[in-house]
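Work through these exercises with the model open beside you. Try each task before reading its solution.

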Amino acid sequence: MKTAVVTGGASGIGLGIARRLRSNGFHVASLDLNPPADDDFAYRADVTEPEQIAEALTAIRGKLGPVTVLVNAAGVDGFKRFQNISFEEWQRVIDVNLNGVFHCVHAVLPDMLAAGWGRIVNISSSSTHSGQPFMTHYVSAKSAVNGLTKALALELGPSGITVNAVPPGFIDTPMLRKNEEARRLGGTVEDHIQRTPVRRVGTPEDIAAACAFLISEEAGYITGQILGVNGGRNT
């Protein structure tokens, strides 16, 4: 049985992915700033801190074995006019959304190289297709994740490792509802549903299904791809 690590796996999209991979027969451990106390395979780690990642992975390997599947779902958003973003705020969004991916891939890559097999899926954002006002730091970081995905796919393919990205569209998560309450969405969730061709909001399970496919053996010939899951909002 293969072992998967999902970052940001305590809630929202990350939790949906962790649950789906468990149902598909993987050993699954999650890394999160706020891991649930009732999950023996949830570990507290800040993805911007390599030492914390390494400590968690040591524990995971001890319980579940080498890690050959990584889903980078940890992320932080931000809403502010560009001219009002301090460099510290800019750096924080870059640190979590981009550098966190760097640190986690670095940490698990030796296991994948030793196995001659691996799957990496990076959760980016549909805003990388369309842009988004007042989120320049977030869009920049997630766009870089797409670029990192493509470059890593070329580099790691000969070692049996595929690397793909899933940019979610409008997904019903606690973060989305929080931003709706703060009037940051340019309308309500229902307003956005009416602008979505399939006429519904996405769910974490929609993203999890895409990740599960990209991680499967059937997807072994797919790498370096950006698979949008957005209900047709971006094509």
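**Exercise 1.** Which residues of H2 are buried? Find them, then place them around the helix axis.

Solution. The model is predicted. Take buried to mean under 20% relative accessible area. Step one: Ile-53, Ala-56, Leu-57, Ile-60 and Leu-64 are the buried residues of H2. Step two: they share one side of H2, because the arc they cover around the axis is only 105°. Step three: turn to the other side of H2, where Glu-51, Glu-55, Thr-58 and Gly-62 are exposed.

**Exercise 2.** Against which strands and which helix do the buried residues of H2 pack?

Solution. Start with the strands: E1 (3-7), E2 (27-32), E3 (42-44) and E4 (67-72) are packed against by these buried residues. Then add the helix, H3 (87-115).

**Exercise 3.** Check the span of helix H2 against its number of residues.

Solution. H2 covers residues 50-64, which is 15 residues. At 1.5 Å a residue, the expected span is 21 Å. The end C-alpha atoms lie 20 Å apart, so the two values agree. Just after H2, Gly-65 has a positive phi of about 95°.

**Exercise 4.** How many helices and strands does the protein chain have? Then test its compactness.

Solution. Count eight helices and six strands. The radius of gyration is 17 Å, and the globule rule gives 18 Å for 235 residues. These are close, so the chain is as compact as a globular protein of that length. Now the contacts: of those with a separation of 6 or more, 70% join residues 24 or more positions apart. Finally, burial: 49% of the 235 residues are buried.

Conventions: Residues numbered from 1 in each chain as written. Predicted model: local features only at pLDDT ≥ 70, side-chain atom pairs only at ≥ 80, totals over all residues. Heavy atoms only, no water. Helix = DSSP H or I, 4+ residues; strand = E, 2+ residues; numbered from the N terminus. Expected span 1.5 Å × (residues − 1). Buried < 20%, exposed > 50% of the residue type's maximum accessible area, 1.4 Å probe, protein only. Arc of directions from axis to C-beta. Contact = heavy atoms within 4.5 Å. Rg over C-alpha atoms; globule rule 2.2 N^0.38 Å.
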